[in-house]
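Hi,

Here is the structure I promised to pass on. Have a look at it first, and then read my notes below.

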Amino acid sequence: MRVFLDTNVLASAAGTRGLCLDVLLEVFASHELVLSEYVLEELQRALTGKFRVPAETADDFLRLLRQGGAMVKEGQAPAVELMDRTDLPILAAAINAKADVLVTGDGELQDLGQVGGVQILSPRGFWERLRAQ
């Protein structure tokens, strides 16, 4: 399965032990991780700013993601209404990547359910989907 992980899921995976880290490890082990430069740039800012991760550590994590994931371009933004317009490049990249699922902690994106053939799930929803298979 092609899985696109949103910035907030990756930041949580890097900063805490828990569900988001489990999701990332499962994707690395059994699925294809797809990412965009936009997400990685957002992640770099979140890790070094909000989470106060040392730049060298953040760089190492980003390097690991680049090595383990397939990089895709954002592509054309879908015609959906979002209050947070900064989520459009993430949604566009997931669609352009032909991801099966976009995993995000963002409730507004989750409310969309599915766009352009990409199912949008919370980390818990994705985890439950994996366990049901």
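What follows is a short tour of the salt bridges and then of the sheet.

One thing to keep in mind from the start: this is a predicted model.

Let's begin with the charged pairs. Side chains of opposite charge can pair when their charged atoms come close. How many salt bridges does a search of the whole structure find? The count comes to four, and I'll walk you through some of them.

Take E26 and R131 to start with. Their side chains form a salt bridge, with 3.9 Å from N to O. If you trace the chain, you'll see that this pair links distant parts of it: E26 sits in helix α2 (residues 19-30), R131 belongs to helix α7 (residues 123-132), and 105 residues separate them. R131 has a relative accessibility of 48%, so it counts as partly exposed.

Next, find R66 and E37. The closest N and O atoms of this salt bridge are 2.4 Å apart. Why does the pair tie together parts that are 29 residues apart in sequence? Because R66 is in helix α4 (residues 55-68), while E37 is in helix α3 (residues 37-50). R66 counts as partly exposed at 36% relative accessibility, and E37 counts as partly exposed too, at 33%.

Helix α4 also holds a salt bridge of its own. Here the side chains of D60 and R63 meet, at 2.6 Å from N to O. Both residues lie in α4, three residues apart, which is about one turn of the helix. Are they buried, exposed or partly exposed? D60 has 39% relative accessibility, so it is partly exposed, and R63, with a relative accessible area of 44%, is partly exposed as well.

Now for the sheet. Strands of a sheet pair through backbone hydrogen bonds, either parallel or antiparallel. In this model there is an open sheet of six strands, and its pairing is mixed. Reading across, the order is β3-β2-β1-β4-β6-β5. The edges are β3 (69-72) and β5 (114-115), each of which pairs on one side only.

At the β5 edge, two bridges join that strand to β6 (residues 118-121), and the two run antiparallel. One residue to look for there is V115, whose bridge partner in β6 is V118.

Helix α4 comes back into the picture here. It packs on the sheet, where α4 touches β2 (32-36) and β3. The direction of α4 makes about 90 degrees with that of β3.

Happy browsing!

How values were computed: Residues numbered from 1 in each chain as written. Predicted model: local features only at pLDDT ≥ 70, side-chain atom pairs only at ≥ 80, totals over all residues. Heavy atoms only, no water. Helix = DSSP H or I, 4+ residues; strand = E, 2+ residues; numbered from the N terminus. Buried < 20%, exposed > 50% of the residue type's maximum accessible area, 1.4 Å probe, protein only. Pairing = 2+ DSSP bridges. Contact = heavy atoms within 4.5 Å. Axes fitted to C-alpha atoms, helices over the stretch in contact; angles between N-to-C directions.
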